[in-house]
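Subject: The structure I promised you

Hi,

Here is the structure we talked about, with the sequence alongside. Open it in your viewer first, then read on and follow the notes below.

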Amino acid sequence: MKRKTNQKSYARVFLFLMIGMLTLTNLYAQEGATIAVNGNVKDNLGEPITGASVVVKGTTVGAMTDIDGNFQINTPSNSTLVISFIGFTTKEVSVAGKRSISVTLEEDVALLDEVVVIGYGSVKKEDLTGAVTTISANSLARGMAVAASDLLIGKAPGVSVINDGGAPGTGASIRIRGGSSVSASNEPLVVIDGIPVDNNAINGMGNPLSTVNPNDIESFTVLKDASATAIYGSRASNGVIIITTKKGQAGKPKVAYNGTFSISTKKGEIDVMDAGRFRNYVTEVFGAGSEQVKALGSASTNWQDAIFRTSFSNDHNISVAGAANMLPYRVSLGYTKENGILKTSTMDRWTGSINLSPKFFDDKLSVQLNVKGVYNTNVFADKGAIGAAAEFDPTQPIYSNDSKYGNGYYMYLKEDGTPIDIGLTNPVAFLNQKHDESTVKRSLGNVQFDYKMHFLPELRANLNLGYDVSSSKGDVTIEDNSPMSWVQGNFKEGWGDNRHYTQLKRSLLMEFYLNYAKEIGKHRFDVLGGYSWQEFYRKDTNIYPYSSTVAQQKDATFYKEGDSYESENYLISFFGRANYTFDNRYLFTATLRRDGSSRFNEDNRWGLFPSAALAWRINEESFMKDQTLFSDLKLRLGYGITGQQNLGSDVGDYPHLARYKYSKPGANYFWGDEKVQVLRPEAYDKGLKWEETTTYNVGVDYGFLGNRISGAVDVYYRKTKDLLNKVPISAGTNFSNVLLTNMGELVNKGIEFSVTARPIETKDWNWTLNYNVSYNDNEITKVLDNPNPDYAGIIHGGISGGTGTNVLIHALNHPFNSFYVYEQVYNSDGRPIEGAFIDQNKDGVIDTKDLIKYKSAAPDVLMGMTSQLAYKNWDFNFTVRASIGNYAYNNIQSNREAHGGAIMYDPSGFLKNRVNSAAYTNFSDPQYLSSYYVQNASFVRMDNISLGYTFVNPVKYVGSMRLYGTVQNPFVITSYNGLDPEFNNEGIDNNIYPRPRIYMIGLSLQF
């Protein structure tokens, strides 16, 4: 009885997911007498089944049951009805002239075995031996999702997704179980319908994953431990995300539409002084008759209000799925218009996808054809306007009719009327007079042939041919005589700027494998072996045409000539996997992959990446048969090695070769009167090789009370050695001062917990809760091959203000991206004392030897919770998540609190605004390296809340219609002093495009 309750519950959970998707309308005529048949479909417990499919056998004529399990269909009196619903055995019922039919469907355990997509194949969830999380995109409580990465936020334990702010089409940083590298990429490998895609940046496109429309996604599979990821070898150290898109199914064409309209508003602003308070502050600090007071204007301008706006966006997607002459297909088209809250920022995107999945030769040959494309146009707003708005004098106007300002925008001027070339750019002019536009076309697709041998059905051959091609172009133009043209760039003489760029990226894939699966008595074997070849090609071009006749009258050598960059690299692999199951209780998995990368020299080109895993299905043991508490209990043990060869575009594809590059502009050699730009050698390591990450994982999958409560617990230990690291080299050499080499070790260890509960399941009420929490500890355990106690670590993380100041460090026995600051001393009131820091080495002097490794930008704990509550046709959903233990360097405060020297008032004659906290700290000189600015950025964020209502069969041909309203980013709870505690900038808060609050209404139709 427990099992039956679980199956009934399963059907109920998918009530609103399946409504409309199984809609079949009666449009076909048949030979013979046609009668109207009324019927009712229920389960074996007598509960009505909503959304069951009723089809006239041999045709595509059909209907769908309503919320009470009732249906009506016009059919020949001698026909047979085929009645089906997911999780239940399909039943055929003869009409035989009857006008009323009652049908009971029995639960089918076999259909309820969830199949999980893994690398090069799929397995039943109960047979998994690795740490794998699956997420159905249809079951997500979502807000405004523009890219695939948006759907993952807060949904999987150990997975962190941080968008690069709130700009339209913005990119995202994805981390699985923390970062495993220091200088190389920490992004996971993304596989879309069998294509390992290049997830590196595409010029002119904010988020490479926006190629796939979220409405086209069927599911995500997140592979986390090495026993699950090692099949991808050299690219799997940071985990693997497999995205599976929706496919066509046999039956009458089904049309679906999803559309949203949204309003985005500014959620907050940087806490700077308004005009009145700024006047009082300047007067108080410098005195009534001071030069500073004389520099004040008479206006009252809120510069942040001037650059931000309330914006309107919309998104539409329509799909058609079905089968034509036994050819299953799905076609979709999407359009997104996203306007950012920062003025001038916008994105227009068209997406399209085609999927064909025919079968031939008595279903022995299966073909999957996938083609996806995107046409994306962007207008990028310069985020520098945000920083300028927080700093520009609020007593000055935006515009001026005075002819001395030329283009009508207020500028800081010298006494002779010429612009101050070290001044700030008018924030509004920043947006209106810089034009950064791009057009990106990208397509990825593949055709996959899977053939079951006629002579040996247990043996399959699979050939996968794929491509990923993007072409982008863009123009960056700064108008002549704009404020920017006077205060930025190399020459600051009012010339504009004009750059045109293009980029072509191409990846070609060919993979082939053989798979043999056989079950003999209590033994089940599944063996796979294959070969993979992938090419990556990239070409970049920059053209710098003259921007104006003014420029042509100047020295033309000031303008750069065009440049181009072209590169390629290859990855060749051999891989194998063996799965063995005994008596459905004991499972063993072993994988091996050998990768060769052209990025390393011949001696280090090949890497070997093995893994092994064991699992014990405890609930299948005889001593567990009579208990009713556990419906699932499985113990997993895993070990494996994965690699890293994604070095980043800044080091190119040939870091192991001797190379030369042009020196910086101005570093010239004089040959007579001619200036010659010199070449200098790049530092290189001929012995450069793979990073290797070894992972140990122990996990338990559990289920209680007929899987009303289910989930997993995992404990892991990951150690990365031979870190691909950028380290400084000795001064005085003729090389560049940074070398990419293998040096150092890094450890991540942690625990993950996830649970899915269905607390309420009745005829009218259904409630599903998903909760996950993870803890990760990150530590650099080795920095140098030869330990040096005087070596602090790799210092990096430049900030605004204090030229050359860095606040981050990779240091021994500390997390990577630790902050590197002085420990602040406070007075009895808790206020920081200017220039007072703790003398760590007690030598009586505060110098660099007193800097400490302090806190980290990475969180210790991540949590996420999704709730889906349904009452009859109503649904209420929300997603909330938390990040605990992450710190941020508040560069907004550190650069805008002090008032002394030229910090607040520049002697050339202009003032800079201060944050309101300046009155609290009252610093005269900037304290850039104070630990006071390293602030706790832990937060709890409500991502979205939605309320919807579904109409069943509201009008003819419409199976269901859902109307809903959503609020995205309604609130965040944090003690952080900045605008937003969540950003993707190595923990340095400066010029972050703020996340808006979004109000959205949506409509979903299933025809």
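Let's start with a pair of strands. Strand S13 (residues 189-192) and strand S16 (residues 240-245) run parallel and are joined by 4 bridges. If you want one bridge to click on, leucine 189 has valine 240 in S16 as its partner. Both strands belong to an open sheet of 5 strands with mixed pairing, in the order S10-S15-S16-S13-S14. Strand S10 (132-136) and strand S14 (195-196) are at the edges with a single partner strand each, so one side of each has no neighbour in the sheet. As background, strands in a sheet pair through backbone hydrogen bonds, and they can do that either parallel or antiparallel.

Before you go further, a word on trust: this is a predicted model. The average pLDDT over the chain is 86, and 91% of the residues score at least 70. Two stretches deserve caution. Residues 1-32 stay under 50, and the model has 84 contacts for them beyond four places in sequence. Residues 547-558 are also below 50, with 14 contacts in the model beyond near neighbours in sequence. Where pLDDT is low, don't read the predicted coordinates in detail.

Now the inside. Which residues of the largest nonpolar core touch the most other members? Out of its 34 residues, they are Ile270, Ile307, Leu342, Ile386, Tyr412 and Val428. Helix H6 (303-307), helix H7 (384-391) and helix H8 (427-432) are the elements that give two or more residues to this core, and H7 gives the most, with 5 residues. There is another core apart from this one, with 25 residues, including Ile153, Ala156, Ile174 and Val197.

H7 is worth a closer look. 8 of its 8 residues are buried, so the helix is largely enclosed by the rest of the structure. You'll find Gly384, Ala385, Ile386, Gly387, Ala388, Ala389, Ala390 and Glu391 on that buried list. What do they pack against? The buried residues of H7 pack against H6, H8 and strand S51 (910-911).

Leucine 342 is a good place to see this region from. Not counting residues up to four places away in sequence, leucine 342 touches Ile307, Phe308, Arg309, Ala381, Asp382, Ile386, Leu431 and Tyr993.

Next, try strand S43 (residues 818-821). In a regular strand, side chains alternate between the two faces of the sheet. Here Ser818 and Tyr820 point one way while Phe819 and Val821 point the other way, and all are buried. S43 pairs with strand S42 (residues 806-810) in the antiparallel sense over 2 bridges, where leucine 808 is matched with phenylalanine 819. S43 also runs antiparallel to strand S46 (residues 852-856), joined by 4 bridges. There, valine 821 has isoleucine 852 as its bridge partner.

Last stop: serine 883, which sits in strand S48 (residues 874-884). Is serine 883 buried or exposed? Its relative accessible area is 6%, and the cut-off for buried is under 20%, so serine 883 counts as buried. The side chain of serine 883 makes a polar contact with the side chain of asparagine 886, at 2.8 Å. Leaving aside neighbours within four places in sequence, serine 883 is in contact with Pro859, Val861, Leu862, Ser938 and Phe939.

Have fun clicking around, and write back with any questions.

Cheers

Terms used. Residues numbered from 1 in each chain as written. Predicted model: local features only at pLDDT ≥ 70, side-chain atom pairs only at ≥ 80, totals over all residues. Heavy atoms only, no water. Pairing = 2+ DSSP bridges. Buried < 20%, exposed > 50% of the residue type's maximum accessible area, 1.4 Å probe, protein only. Polar contact = N/O pair within 3.5 Å; in protein donor to acceptor, adjacent residues only side chain to side chain. Contact = heavy atoms within 4.5 Å. Core = buried A, V, L, I, M, F, W, Y, C linked by side-chain atoms within 4.5 Å. pLDDT = per-residue confidence, 0-100.
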